[in-house]
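Here is my note on the model you sent round. Please read it with the structure open.

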Amino acid sequence: MTPKHFEIKTTYERTGEKGLNTKVNEVFLMDDYTFKAVEERITEELAPMVTGEFNISKIEVKDYSEIINTEDENTDRWFKCKIAMILLNKVTAKEKKTNLLYLVKAESAEDAIKRTHKYLETCVCDYEIALVTESPIVDVFAYEQGELVE
C-alpha cells in the first residue's frame with residue numbers, strides 16, 4: 001500500500017515580519033495513509049510557526065501522479081501540470097490520451113515546463129503538457145519510510 005496525497009487547507013496565526021501576529025491561510029500537501037495521520041502530522045509540522053489560533057478547514061485526497069521537487073532554495077512555488085500521455089492502440093491504430101497530474105516545484109510556469117520535460121526525458125511514450133497553473137500549495141511534506149502507521 002502506498003501513501004496518498006492529501007491537500008490540507010489551514011488558517012493560523014504566526015509572527016509576521018514586524019513582530020505582530022498575522023492570520024494566514026495556507027495550503028499544504030502531505031503524503032500519508034489516513035486523514036487522522038495527516039491531521040496529526042500537519043499539526044506537529046506547523047506547531048513551531050503557530051503563535052495563536054490554529055484551524056484545519058479542509059483535508060482532501062488529491063490525485064497527483066508525480067511530485068517533482070527540487071532542492072533549489074530560491075524555488076518556492078508549486079505548479080500543477082496536466083500531462084497528456086499519448087498511447088497507440090496496436091489493434092485499431094488509434095491514439096488514446098491519458099491525463100496525469102504532476103505537481104512541480106519551479107520558479108515560473110516556463111521553469112515548470114522545463115523541469116517536467118527533463119523528468120520525462122526517459123519516457124518511452126509520447127506526451128504533451130496540456131496545462132500549467134500555479135498551485136496555492138506552500139509546502140509539501142513527504143511520507144518518511146519507517147514512520148509508524150496506525
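The points below cover the sheets, the helices, the salt bridges and two single residues.

1. Status. This is a predicted model. Every value below is computed from it, with residues numbered from 1 along the chain.

2. First sheet. Four strands form an open sheet in the order β3-β1-β2-β8, and the pairing is mixed. β3 and β8 are the edge strands. Each has a single partner strand, so one side of each is left without a neighbour in the sheet. The twist from one strand to the next averages 25°.

3. A parallel pair. β2 and β8 run in the parallel sense and share four bridges. One residue pair to look up is valine 27 with its bridge partner in β8, isoleucine 137. In general, strands of a sheet pair through backbone hydrogen bonds, either parallel or antiparallel.

4. Second sheet. Another open sheet has four strands in the order β4-β6-β5-β7, again with mixed pairing. Its edges are β4 (66–68) and β7, and each pairs on one side only. Neighbouring strands here are turned by 25° against each other on average, direction ignored.

5. An antiparallel pair. β5 and β7 pair in the antiparallel sense over eight bridges. Alanine 84 faces glutamate 128 of β7.

6. Helix α1, length. Does the span of helix α1 agree or disagree with 1.5 Å a residue? The helix covers residues 35–46, twelve residues in total. The expected span is 16 Å, and the end C-alpha atoms lie 16 Å apart, so the two agree.

7. Helix α1, faces. Which residues of α1 are buried? They are Ala37, Val38, Arg41, Ile42 and Leu46. Seen down the helix axis, these buried residues fall within an arc of 145°, so they line one face of α1. The spacing rule behind such patterns is simple: an α-helix has 3.6 residues a turn, so residues three or four places apart point the same way. The face turned away from the buried side carries the exposed residues Lys36 and Glu44. Note that Arg41 is on the buried list.

8. Helix α1, cover. What covers the buried residues of α1? The cover includes β1, β2, β3 (54–62) and β8 (137–141). β1, β2, β3 and β8 are the strands of the sheet in point 2.

9. Helix α2. This helix spans residues 109–119. It lies across β4, β5, β6 (95–106) and β7. Against β6, α2 runs at about 120°.

10. Salt bridges, β1 to β2. The structure holds nine salt bridges. One of them joins the side chains of glutamate 26 and arginine 14, at 3.1 Å from N to O. The pair links distant parts of the chain: glutamate 26 sits in β2 (residues 21–32) and arginine 14 in β1 (residues 4–15), twelve residues apart. Glutamate 26 has 12% relative accessibility, so it counts as buried. Arginine 14, at 28%, counts as partly exposed.

11. Salt bridges, β5 to β7. Glutamate 134 and arginine 77 meet at 2.9 Å, N to O. Glutamate 134 belongs to β7 (residues 126–134) and arginine 77 to β5 (residues 77–88), with their positions 57 residues apart in the chain count. Glutamate 134 is partly exposed at 45% relative accessibility. Arginine 77 is partly exposed at 30%. Salt bridges that share partners also join Lys58, Glu60 and Lys62 into one network.

12. Glutamate 60. This residue lies in β3. Its side chain meets that of lysine 58 in a salt bridge of 3.8 Å, N to O. Both ends are partly exposed: glutamate 60 has a relative accessible area of 22%, and lysine 58 has 39%. Leaving out residues up to four places away in sequence, glutamate 60 touches His5, Phe6, Glu7 and Phe35. Leucine 100 is 40 residues from glutamate 60 in sequence and 18 Å away in space, C-alpha to C-alpha.

13. Alanine 93. Please check this backbone. Phi of alanine 93 is near 60°, a positive value in a residue other than glycine. Alanine 93 is placed in the loop between β5 and β6. With a relative accessible area of 57%, alanine 93 is exposed.

Note on methods. This is a predicted model: local features need pLDDT of at least 70, side-chain atom pairs count only at pLDDT 80 or more; totals for chains, interfaces and linings use all residues. Side-chain values use heavy atoms; hydrogens and water are left out. A salt bridge is a side-chain nitrogen of Lys or Arg within 4 Å of a carboxyl oxygen of Asp or Glu. Helices (H or I, at least four residues) and strands (E, at least two) are DSSP runs, numbered from the N terminus. Buried means under 20% relative accessible area, exposed over 50%, partly exposed in between (1.4 Å probe, protein chains only). The expected span of a helix is 1.5 Å times one less than its number of residues. The arc is that of the directions from the helix axis to the C-beta atoms. Contact means heavy atoms within 4.5 Å. Two strands pair if DSSP finds at least two bridges between them. Axes are lines fitted to C-alpha atoms, for helices over the stretch in contact, and angles run from 0 to 180 degrees between N-to-C directions.
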